[in-house]
Amino acid sequence: MWSFHLPTEVLFGNGVYGDMPLPAEEKVLVVSTSGSMERGTLTPVMERMADRSVELFTDVRPNPDLDGIDAAAADMRRLGIEAVLAVGGGSSIDTAKALARLLPNPDLSLSANLREGKAAKSPPLPLTAVPTTSGTGSEVTPFATIWDRRDQVKRSVDGKDVFPLRAVVDPMLTLTLPRDQTIATGMDAISHAFESIWNSDCTPVSTYFAFSSLSLSLDSLARAAADGSDLEAREMMSEASLLAGMSISQTRTAVAHSMSYPITMEMGLDHGVACSLMLPELLRYNAVADDGRLQALSMGLGYRGPEELAEGLEDLQTDLGLDEMYRSCEEVDLLCLDKRMLADSRAVNNMRPVGEEELRRILSDMDARLRRGP
Ligand SMILES: [Fe+2]
């Protein structure tokens with residue numbers, strides 16, 4: 001038995017941002033970053049909503065913090081916000097998802113909701129999500145990643161009501177994305193697609209989305225990184241990111257993501273880099289228990305099998321400088337993080353179960369390869 005549920009309306013195309021449907025409500029909260037504001041990215045929507053009561057929140061931080069969002073929500077509750085519009089990367093959209101849940105629930109804090117399990121009484125505010133990166137897929141998923149620095153864990157705002165009402169994906173918005181962010185977010189999209197394919201909850205629909213995503217991203221990420229103005233490569237990456245987001249909206253991510261959260265916290269590596277470093281090792285690990293899906297994926301992508309695809313991934317990582325990024329971080333004993341890596345709920349989604357011993361071997365192999373270099 002399998003199901004498919006994706007209630008978000010998706011608008012995709014070059015220039016679609018300029019005349020996208022705006023929230024119908026009168027009091028709108030726009031969630032973004034100061035960088036987007038300074039670059040003028042918000043100007044078209046702010047001009048079109050000039051006659052409305054628009055509240056601007058541009059204090060979004062990378063890897064949004066649970067207590068920080070609670071503080072922001074406390075300041076906004078009296079404003080009577082009726083709808084939320086997020087313009088930015090994954091951190092902006094995830095912050096917006098959390099605020100959309102908190103603002104109609106005056107008695108609810110994110111701390112009570114995520115740390116203590118207190119439920120929201122009222123449904124979230126309608127959310128329009130406009131990604132300006134190609135990787136997060138958050139514009140079409142029913143969850144948001146929230147970082148609890150007090151307890152040193154990653155948490156999730158989760159539930160079918162977390163799906164945005166509308167996603168507006170305009171590849172032209174990614175033309176100014178710097179090379180390092182292009183690489184990090186692009187690798188996040190690649191990780192999402194793999195994590196959905198080797199997921200124990202995969203469905204024919206999620207696998208189709210994930211395969212289509214990889215056929216686009218593996219051909220276009222290096223192009224987009226080499227020449228940010230290559231609109232065709234940007235379009236391919238935007239579509240790849242959207243499709244990967246759709247695939248994990250059904251399956252959620254898996255063990256590469258659960259491994260990545262402590263790596264990001266302890267080493268400071270960007271999420272998209274951290275969750276993609278171990279993909280070659282995981283592909284080899286899962287290939288041992290392949291039920292045909294990894295062989296079919298590899299051949300569909302033009303490789304003879306999973307081993308050749310894993311080598312292709314290693315080459316891509318080297319070309320994009322991921323091993324250098326890894327080596328440039330302060331050395332951390334990753335093996336000490338094994339319990340935290342397996343504590344996240346995503347860890348059990350891998351098609352081949354991963355215990356502590358297996359995880360430590362995957363980490364050791366990854367570390368040795370990345371430190372050895374090409
Ligand atoms: Fe991710």
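The radius of gyration here is taken over C-alpha atoms, and the globule rule to hold it against is 2.2 Å times the number of residues to the power 0.38. Keep in mind that what you're looking at is a predicted model. With 374 residues, the rule puts a compact globule near 21 Å, and the chain comes out at 20 Å, so the two agree. As for extents, the C-alpha trace covers about 60 × 45 × 45 Å along its principal axes. In secondary structure terms, you have 16 helices and eight strands to find your way around.

Start with the big split. The domain assignment cuts the chain into domain 1, residues 9–171, and domain 2, residues 176–372. Their centres, taken over C-alpha atoms, sit 26 Å apart. Where the two touch, 20 residues of domain 1 are in contact with 27 residues of domain 2. The domain 1 side of that contact breaks down into six nonpolar, 11 polar and three charged residues.

Now for some helix packing. Take helix α6 (residues 179–197) and helix α7 (residues 204–226): their axes come within 9 Å and cross at roughly 155°. Angles over 145 degrees count as roughly antiparallel, and therefore α6 and α7 are roughly antiparallel to each other. The crossing of α6 past α7 is left-handed. On the α6 side, the contact residues include Arg179, Ile183, Gly186, Ile190 and Ile197, while among their partners in α7 are Ser206, Ala210, Leu214, Ser217 and Leu221. Sorted by class, this α6 and α7 contact has 10 nonpolar residues, seven polar ones and one charged.

Further along the chain there's another pair to look at. Helix α11 (residues 279–287) packs on helix α13 (residues 306–320) at an angle of about 175°, with the axes 8 Å apart. That angle makes α11 roughly antiparallel to α13. From α11, the contact uses Leu279, Pro280, Leu283, Arg284 and Ala287; from α13, it uses Pro306, Glu307, Leu309, Ala310, Leu313 and Glu314. What does the class count look like for the contact of α11 with α13? There are eight nonpolar residues and three charged ones, with no polar residues in the mix.

How values were computed
Residues are numbered from 1 along each chain as its sequence is written. This is a predicted model: local features need pLDDT of at least 70, side-chain atom pairs count only at pLDDT 80 or more; totals for chains, interfaces and linings use all residues. Axes are lines fitted to C-alpha atoms, for helices over the stretch in contact, and angles run from 0 to 180 degrees between N-to-C directions. Helices (H or I, at least four residues) and strands (E, at least two) are DSSP runs, numbered from the N terminus. Angles under 35 degrees count as roughly parallel, over 145 as roughly antiparallel, 65 to 115 as roughly perpendicular and the rest as oblique. A crossing is left-handed if the near helix is turned anticlockwise from the far one by less than a right angle, and right-handed if clockwise. Two residues are in contact if their C-beta atoms, placed from the backbone, lie within 7 Å. Ala, Val, Leu, Ile, Met, Phe, Trp, Tyr, Cys and Pro count as nonpolar, Asp, Glu, Lys and Arg as charged, and the others, Gly among them, as polar. Domain bounds come from an automatic or database domain assignment.
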